[in-house]
Amino acid sequence: MVLFFCGVFFQNCKNNDPAPPTLVLSNTKIDLGNITSKSNFKLGLFKNGTGTITYAISSNKNWLKLDKVSGNIISTKDSVNLGVQLPATDLIDGLNNATITITPTINGIVADPVNVDVSGQFATTALTSKF
């Protein structure tokens, strides 16, 4: 029986390129608690490995605002600030849920989207001020 090993009998029989980087998020679920116009959160996006990651990011609800719609993870991390816009027609009394969708492009190849679930409680009385 004869065994052949890469690098012993064959040159370049295996691609020696490093594995592409992976996108890691600081959170996949965010609870804003009581939703007010001052509600905010900083979502961290991290690159694990060598290569480039760019991304598009969006929210499926008008009340959940993001400070950017795209970004690059140049060294190891980037962040997106989330806030709440009041009044909003899609914000209801009680529990509200939103989804942030991040679509990464890794080394020029579009990867599967990643979702972050955002929730919080809202009361319309938060819109009224007392004088």
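Start by colouring this predicted model by pLDDT. The average over the chain is 87, and 83% of the residues score at least 70. Now select residues 1-13, where the pLDDT is below 50. In the model, this stretch makes 7 contacts beyond its near neighbours in sequence. Where pLDDT is low, the predicted coordinates should not be read in detail. You can hide residues 1-13 for the rest of the tour.

**The whole chain**

Switch to a cartoon view. How many helices and strands does the chain have? The count is 0 helices and 10 strands, so to speak a β-β-β-β-β-β-β-β-β-β pattern along the sequence. Next, turn on the surface: the chain exposes about 8700 Å², and carbon and sulfur atoms supply 54% of that area. Of the 131 residues, 27% are buried. Among the contacts with a separation of 6 or more, 62% link residues 24 or more positions apart.

**A sheet of four strands**

Select β1, β3, β7 and β5. They form an open sheet in exactly that order, β1-β3-β7-β5, with antiparallel pairing. Look at the two edges: β1 (22-25) and β5 (64-66) each pair on one side only. On average, neighbouring strands of this sheet are turned by 25° against each other, direction ignored.

Zoom in on β5 and its partner β7 (residues 77-84). These two strands pair in the antiparallel sense over 3 bridges. Which residue of β7 is the bridge partner of lysine 65? Click on glycine 83 to see it.

**A pair with two faces**

Move on to β4 (residues 53-59) and β6, which pair in the antiparallel sense over 4 bridges. Here isoleucine 53 stands opposite isoleucine 73 of β6. Show the side chains of β6 (residues 70-73) and follow how they alternate. Gly71 and Ile73 point to one face and are buried. Ser70 and Asn72 point to the other face and are not buried.

**Into the core**

Now select the largest nonpolar core, which has 25 residues. Which of them touch the most other members? They are Leu32, Leu45, Trp63, Leu64, Ile100, Ile102 and Val118. Several strands give two or more residues to this core: β1, β2 (29-34), β3 (40-48), β4, β7, β8 and β10 (114-122). The strand that gives the most is β8, with 4 residues.

Stay with isoleucine 100 and display what surrounds it. Leaving aside neighbours within four places in sequence, isoleucine 100 is in contact with Ile57, Ser58, Ser59, Leu64, Leu66, Leu82, Val114, Asn115, Val116 and Val118.

**Two stops in the loops**

Most residues other than glycine have a negative phi, and most peptide bonds are trans. Keep that in mind for the last two selections.

First, go to the loop between β7 and β8 (94-106), where proline 87 lies. A cis peptide bond joins leucine 86 and proline 87, with omega at about -10°.

Then go to the loop between β8 and β9 (109-110), and pick asparagine 107. Its phi is near 50°, a positive value in a residue other than glycine. Is asparagine 107 buried, exposed or partly exposed? With a relative accessible area of 39%, asparagine 107 is partly exposed, because that value falls between the 20% cut-off for buried and the 50% cut-off for exposed.

Definitions and conventions. Residues are numbered from 1 along each chain as its sequence is written. This is a predicted model: local features need pLDDT of at least 70, side-chain atom pairs count only at pLDDT 80 or more; totals for chains, interfaces and linings use all residues. Side-chain values use heavy atoms; hydrogens and water are left out. Buried means under 20% relative accessible area, exposed over 50%, partly exposed in between (1.4 Å probe, protein chains only). Contact means heavy atoms within 4.5 Å. Accessible areas come from the Shrake-Rupley method with a 1.4 Å probe; for residues, only the protein chains shown count as cover. Two strands pair if DSSP finds at least two bridges between them. Axes are lines fitted to C-alpha atoms, for helices over the stretch in contact, and angles run from 0 to 180 degrees between N-to-C directions. pLDDT is the predictor's confidence in each residue, from 0 to 100. A nonpolar core is a set of buried Ala, Val, Leu, Ile, Met, Phe, Trp, Tyr and Cys residues joined through side-chain atoms within 4.5 Å.
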